[in-house]
Every structure is written in C-alpha cells, then in structure tokens.
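Work through the exercises below with the model open beside you. Try each task before reading its solution.

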Amino acid sequence: MKSGRVVVAGCAGFLGSHLVDALLGRDCEVIGLDDLSTGRIENLAHLESNEKFSFMRSDITDGVSVDGTVDLVMNLASPASPVDYLRLPLETLAVGSQGSLALLELARTKAAAYFYSSTSEVYGDPLVHPQSEGYWGNVNPIGPRSVYDESKRFGEALTFAYQRTHGLDVKVVRIFNTYGPRMRSDDGRVVSNFIVQALRGEPITIYGDGSQTRSFCFVDDEINGFLAMVDHGAHGPINIGNDSEFTVSELAELVVRLTGSESPIVYEPLPADDPKQRRPDLTLARTVLNWEPKVMLEEGLSRTIAYFQALNGDIR
C-alpha cells in the first residue's frame, strides 16, 4: 500500500513511531493511538505540524472509535520489554486480548486490512533452531514471561479466527530483537541496557553466563520488513528479523569496543524461562516478500550509540 488512511496502535513506542514516519513518507494519512504507558510522546514531537498525522491518547482495551474511512489497521500496541510486561502483567494480557479484539473489530467494520505485530517470544525457549514459522514453540504458559508470550500467541489466534470467520485481510509478522534510536534507556532490553551502562561507565550486566544467543535486527530493516508485508498479499505469520546470531557476551564486548568504555562485565543469575538461543529462519521473508535485513550489527550499534550520546547525559 503506497498511500491511504492508516490507524497505528502503539504509535508512540520505539517501533511504532518509526512506522509512523515510514507511512507518512509514503504519503499515507496516519491516525496514531497510544495510552503512553510505555510509549513516549517525545517520539512524535517532530510530527506536531504534520497535517497528515493525528494523535489520539487511547487505551484500546476500552474500545476504539475512528471517524471516516480506514484502509489499514496496524496493531503494535503492547508492552514489549521484560521490564514493562513484568511491571504491567494484567495490562499486557488485556492489550493482547481485549485490545486486539477492538482493533480487529475496527478493521472489520471499516473493511480494512489488519496487520498484527507478533513476536519471536511465541517460540518460547525453542527446541528447534533456527525458528521457522511452522514451529509451534516451547512456551511455559504460566511462568512470569507468559503474560507477554501468551498475549501474543492469543493475538495471533484471534487474528486468524477473524480471517476464517469474517474473511478479513490479515497480515502477521513475528519480530526478533529489534534495536535502534528511540529505545528507552530503562526498558530492560539487552542492547539499550549495555549501551547505557557503557556510556555511564557502569558495570555491564549479563544475565546468565553470556553464552545464550540472540539475533538483532536494526529498526530500519524491521520497518522495511513491515512495509514489505503490507505491500504483499501474504497473510503470514512471517518472521522479520536478522539471522546473524551473536552470544550476549559478544554483544557486550562489541558495545564496550564501540563506546570506548572501560566498564567491566559482571554476571547475574538468568531469569526464569529466558530463551537460550534465538535466530529466525528467514526463508519465507526472502522468498515470499523479497525482503532481507541490510544493516549489520556493528553499523546498527554505532547508530544507536550515537542516538544515546546525543541525549547529552539525559539518558532515559
């Protein structure tokens, strides 16, 4: 879709605000929804005079009402970092269930397409590596992390139930460890944690022995993957991430080198149900969407470090 009227839920978040920018760059009109529980209005400040963007402070679990036509509803609404969803467990479950239902109803009544931003967390602590979309996962449904894992799994189930029941045009992507500018310094994600600790000269905290792996996708690549999915007739789910795999220790060492920090690396116990390995199988993204990531980790980290350095000590 190269233009049209798009509703973006979670528009003030790290990913959501970048998505709004990309849609406006396509000459779309964007209606942004966010309750600002984890998003930041500062992420949208540069759009204040943009006539094609409007912001509504809204908790989608209370229902969603948008005047006029809508061509696409994009659901990025959810606490997405461990710090946030462990702090807001009931709210996380509500937004994945009641919130998703409200947005699906909006799409149905407006005859709009519906895009759902899911997560690699649906694979849990995977027993299959790399993770393809056909893998059903290894998730603890009652552990502390389940509030996020299960809310996203339910959101996917609800999405495809609407497709089967109402013939809704749905598009589901699964995100793998996205990072980049506009991350919050206190969001508890490993990339922002390491960068902020390094810039402050604080010890860099690794949970576990550092041998667990992650695959980090720079935000520009992630958003381009979203748009490739929007433009295609595929319904998904399709993994959108970077399939270059790094240990957490390798990430910490790279951050130390790129920041020139003298921060020591310290180790703490691994949280419950923390995945030991995570890497997307991108076969579908490459063959169906003709998309693949372009930004390698060192370049992406350098750009993210520059963002935090530009905050001039106001790291938050």
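The exercises that follow concern a predicted model.

**Exercise 1. The sheet**

Task: Give the strand order of the open sheet and state which strands are at its edges.

Solution:
- Step 1. Lay out the seven strands of the open sheet: the order is β3-β2-β1-β4-β5-β6-β11. The pairing is parallel.
- Step 2. Look for strands that pair on one side only. These are β3 (53-57) and β11 (238-240), the edge strands.
- Step 3. Follow the twist from one strand to the next. It averages 20°.

**Exercise 2. One strand pair and two helices**

Task: Describe how β5 and β6 are joined, then place helices α1 and α6 against the strands.

Solution:
- Step 1. Take β5 (residues 113-119) and β6 (residues 170-175). They run parallel and are joined by six bridges.
- Step 2. Find a facing pair. Tyr 116 stands opposite Val 172 in β6.
- Step 3. Turn to helix α1 (residues 14-25), which packs on the sheet. Helix α1 touches β1 (5-9), β2 (29-34), β3, β4 (72-75) and β6. Its direction makes about 170° with that of β1.
- Step 4. Now take helix α6 (residues 219-231). Helix α6 lies across β4, β5, β6 and β11. It runs at about 160° to β6.

**Exercise 3. An aromatic pair**

Task: Classify the pair of Tyr 85 and Tyr 148 as stacked or edge-to-face, and say which parts it ties together.

Solution:
- Step 1. Count the aromatic pairs in the model: there are eight.
- Step 2. Check the geometry of Tyr 85 and Tyr 148. The centres are 4.8 Å apart, with 0° between the planes.
- Step 3. Apply the cut-off: planes under 30 degrees apart count as stacked. The pair is stacked.
- Step 4. Locate the partners. Tyr 85 lies in helix α2 (residues 82-87) and Tyr 148 in helix α4, so the pair ties together parts that are 63 residues apart in sequence.

**Exercise 4. A cavity and a pocket**

Task: Work out what lines the largest cavity and what lines the second largest pocket.

Solution:
- Step 1. Count cavities of 30 Å³ or more: there is one. The largest cavity has a volume of about 30 Å³.
- Step 2. List its lining: Asn 75, Ala 77, Ser 78, Val 95, Gly 96, Ser 100, Tyr 116, Ser 151 and Lys 152.
- Step 3. Assign these to elements. Helices α3 (89-110) and α4 each give two or more residues. The largest share, three residues, comes from α3.
- Step 4. Sort the cavity lining by class: three nonpolar, five polar and one charged.
- Step 5. Move to the second largest pocket, with about 220 Å³ of space. Its lining includes Tyr 123, Trp 136, Arg 153, Phe 160 and Pro 237.
- Step 6. Find the main contributor. Helix α4 (residues 146-166) gives the most to this pocket lining, with four residues.
- Step 7. Sort the pocket lining by class: seven nonpolar, no polar and four charged.

**Exercise 5. Backbone exceptions**

Task: Locate the cis peptide bonds at Pro 130 and Pro 237, and the positive phi of Asp 27.

Solution:
- Step 1. Recall the background. Most residues other than glycine have a negative phi, and most peptide bonds are trans.
- Step 2. Inspect His 129 and Pro 130. Their bond is cis, with omega about -5°. Pro 130 sits in the loop between β5 and α4.
- Step 3. Inspect Gly 236 and Pro 237. A cis bond joins them, with omega about 0°. Pro 237 belongs to the loop between α6 and β11. Pro 237 is also one of the residues lining the second largest pocket.
- Step 4. Finish with Asp 27. Its phi is positive, about 70°, although Asp 27 is not a glycine. Asp 27 lies in the loop between α1 and β2.

Methods. Residues are numbered from 1 along each chain as its sequence is written. This is a predicted model: local features need pLDDT of at least 70, side-chain atom pairs count only at pLDDT 80 or more; totals for chains, interfaces and linings use all residues. Side-chain values use heavy atoms; hydrogens and water are left out. On a 1 Å grid over the protein atoms alone, a cavity is a set of points where a 1.4 Å probe fits but cannot get out, and a pocket is an open set with protein on both sides within 12 Å along at least five of seven lines; lining residues have an atom within 4 Å of a point. Grid points are joined across faces, edges and corners, and a volume is the space filled by probe spheres set on the points. Ala, Val, Leu, Ile, Met, Phe, Trp, Tyr, Cys and Pro count as nonpolar, Asp, Glu, Lys and Arg as charged, and the others, Gly among them, as polar. Two strands pair if DSSP finds at least two bridges between them. Axes are lines fitted to C-alpha atoms, for helices over the stretch in contact, and angles run from 0 to 180 degrees between N-to-C directions. Contact means heavy atoms within 4.5 Å. Rings of Phe, Tyr and Trp (its six-membered ring) pair if their centres lie within 6.5 Å; planes under 30 degrees apart count as stacked, over 60 as edge-to-face and the rest as tilted.
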